[in-house]
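Reader: I would like a close look at a single part of this model, namely one sheet together with what packs against it and the core around it. Please state the cut-offs as you go.

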Amino acid sequence: MKYLLFSILTFLCVNLSIFSQKPDKLSSNEIFQKIKKLNFLGTALYIAAHPDDENTRLIAYLANEVKAITGYLSLTRGDGGQNLIGPEIRELLGVIRTQELLAARKIDGGEQLFTRANDFGYSKHPDETLEIWNKNEVLSDVVWAIRTFKPDVIINRFNHRTPGTTHGHHTSSAMLSVEAFDLSNDENQFADQLEYTNTWQPKRLFFNTSSWFYNDKDQFKAVSKNFTQFDVGVYYPLKGVSNNELASMASSQHLCQGFGRLTIRGTQTEYVEFLKGESPKDKNDIFSGINTTWNRLKNGGEVGDILYDIEENFDFTNPGKHLPKLLEAYTLIDKLEDEHWKRIKTTQIKEIIAASLGLYLEASAVSSTAVPNSKIDVNFEVINRSNYPIELISIQPSTSDKNIYKGISLTNNKKKIFKENISLKGANHSDPYWLRKASSLGMYSVDDKTLIGKPETPREITIDFNLVINYIPITITKNVIRRYSKRDIGEIYEPFEIVPSVTTKLKDKVLVFSDSIAKKVEVEVRAGANFVSGTVNLEIPKDWSVTPNEIGFNIAQKNDKQMVVFTVTPPKNQSKGNLQVVAKSKGQMFTKELIEINYSHIPKQTVLKNSEAKIVRLNIKKKGNNIGYIKGAGDAVPESLQQIGYDVIKINPTEINEKNLQQFDAVVLGIRAYNVVNELQFKQKYLLEYVKNGGNMIVQYNTNKGVDVQAPYPLKLSRDRVTDELAEVTVLDPNNSLLNYPNKITENDFKGWVQERGLYYPNMWSEQYTPILSMKDKGDTPKLGSLLIAKYGKGNYIYTGLSFFRELPAGVSGAYKLFANMLSVGKE
């Protein structure tokens, strides 16, 4: 009879889904803190523009001291930034920064949300930002976030009243938040959303102000008395750390942006300025006047009577003793009419119940990947580490509408292990949902409205563990993961991914033909399953040719690869277009490349992008051949230079001496080299000596924070930049060899650039330097420091903030010609 009752109640259960791979294993202290958070029914939403914009001190304070459900809405995923830890830029950088945000929220206790806005790079005014973003679409996403997250209070990171004084994305995030505050409760606004959610009116809106927003510190000191203040340095004895220590650790997850930092302790004050809504009765409590108790909900008082008593009398040595009361509260929560709070509190109390029991549930696949419509062996481990009776009635994979009956009694500390063969019928690929369709410059395209705002694609394969705990039926849902070990690392948790059975990869993403001679093009074919066979062909523009028409492949083992080689012949005249790889197997067409992003501070990511390359037939000349390249923060410039025939050798900075640079026709320093390569401060004397003896040295952009590029003559970096990639370029020195030898540079060579002209230009330099170009954004003053050259001894020193690290991988012809001239200078 109880099994029948269980099957009926199962349909009413709200499942607990944990999206991280490594399971949380809560201590008694952590269980107690979860109970305190369970007993607070208030929500705050922090809004800004990018990953790393968020104030982790305030998010951590609200989540851990106040115990509020605290979210961070980042309008973008930071795709337009730079990458300090690797070569990924644009969409792939956005994937990394998304995961860094999730890692930060795991530490500071917040939750993460997004809009569909695409970070297209630095913007100097919100008018430009909102035009490129499609204001109405991003506004709808902010309204959607408010309606689904249902915050009582909203806090803006930036000031909506000062357009043009900071990054246009920053101001836009605040402007949209202010507007959405008034629209989210209007059923006539974005009415199509109401099929999935309902209207919501936040109680009040704040601006997280500080002295940074004031030119006069004394002025801020005077007005700050009117603001709500928090000491975000509060100490948490149960955690053993201060709030600002947590915040520092959270902020340090933004490693690709160079945010690794020391932790901070001690009193720190944060300020928020009331903007609109119901003014708080207590100026120093942003939730003042808002009912954040269980009495907020109809019939919630019964739940509160139980849970407040558990909180007050919590047994840290035996949290399991509270299980009967927790289960009683769980059944009452399941009957609540408010579906929003019912979902949230059911998720929270299930986690507490499982932790109080020492209940461990795991579904680990035998491999970290599989293909759609296949089957995969999954190893299950279940253990109850309490004296309470637990029965595992059945399990149900998300790909099946049928339960797999188990009927296992879980006694104290007796581990149960079993294996099931799970069908993946109907499973979709595990790639980031916002990258599945082509994006515009300012917006990602997402067809499924229910996915909008989610930080990542929900896991395709989950397992419902249908349990009876102390005679109460509960379903707990776990993601299928891959757990294994390596002798030199230890235990490893990875996400379980659904991938195509065939993926292909081009060695080079840009193929530049400097003459009409054919090139060999290598394609790597990768099998996502055993015994995969088929054909590969290249689709190219009409004026190009390729042989052979197609090549067969036959791969016996999963994850094995086979190389096939085509010969591509360019036209005689200049031309550019796309080369697309198409594989065919078992009547299906496969056009994707599988990209794995694997850094130690975030879970491994699997991304599917079109398997394609830009092909460019370019009439380009060059002098010299051997190029030394000192890697900076990571870019694809060396590979791009190899495309036009240079022999590029990457130089280990520690090995630089007075002799080994002489072999190079030019030495190039990668982006942000002086920011990230400490060894350069000891090797600069050798680099300058190389120039003095007739060498050619090219330094690409560095940020202006605390860095000395040790140029041969005085040079001061600034934050000057030109963000409009189509900004008009004026030649300042038309006779300079940089614009004439060996390639004549014309205005056409500055067409088709991507994202920006350049960044962090010098704004002061000595008379020894010659500025070559002038450019400016609309409404701004001309910037003259994008390309500087100085004679030093017998050689030439060039400093450039032009974004070659973006333009060369994008196949911009003019950028290739200009860079070739820089490498050839002095060789007339």
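Author: What follows describes the sheet, then its helices, its aromatic contacts and its core, with a short look at other parts for context.

The model is a predicted one, in which local features need pLDDT of at least 70 and side-chain atom pairs count only at pLDDT 80 or more, while totals for chains, interfaces and linings use all residues. Residues are numbered from 1 along each chain as its sequence is written, and side-chain values use heavy atoms, with hydrogens and water left out.

The sheet is open and has four strands in the order β14-β13-β16-β17, paired antiparallel; strands here are DSSP runs of E with at least two residues, helices are runs of H or I with at least four residues, and both are numbered from the N terminus. Two strands count as paired if DSSP finds at least two bridges between them. At the edges lie β14 (404-410) and β17 (472-479), each of which pairs on one side only. Between neighbouring strands of this sheet the average turn is 25°, direction ignored, where axes are lines fitted to C-alpha atoms, for helices over the stretch in contact, and angles run from 0 to 180 degrees between N-to-C directions. Strand β16 (residues 462-469) runs antiparallel to β17 and is joined to it by eight bridges; in one of these pairings, I463 of β16 has K478 in β17 as its bridge partner.

Two helices pack on this sheet. Helix α11 (residues 323-333) touches β16 and β17, and its direction makes about 85° with that of β17, contact meaning heavy atoms within 4.5 Å. Helix α12 (residues 339-357) touches β13 (390-397) as well as β16 and β17, and its direction makes about 95° with that of β17.

Strand β16 also takes part in an aromatic contact, one of 25 aromatic pairs in the structure. F380 and F465 meet edge-to-face, at 6.0 Å centre to centre and with 70° between the planes; rings of Phe, Tyr and Trp (its six-membered ring) pair if their centres lie within 6.5 Å, and planes under 30 degrees apart count as stacked, over 60 as edge-to-face and the rest as tilted. Because F380 lies in strand β12 (residues 375-383) and F465 in strand β16, the pair ties together parts that are 85 residues apart in sequence. F380 is buried, at 1% relative accessibility, and F465 is buried too, at 0%, given that buried means under 20% relative accessible area, exposed over 50% and partly exposed in between (1.4 Å probe, protein chains only).

F465 also belongs to the largest nonpolar core, which has 83 residues, and it is listed with I353, L359 and I469 as touching the most other members; such a core is a set of buried Ala, Val, Leu, Ile, Met, Phe, Trp, Tyr and Cys residues joined through side-chain atoms within 4.5 Å. Helix α12 gives the most to this core, with eight residues. Leaving out residues up to four places away in sequence, L359 touches A354, I383, N384, I390, L410, L467, I469 and I476. Apart from this core lies another, of 49 residues, including V512, I620, L739 and L759.

Elsewhere in the model, Y701 and F805 are both buried.
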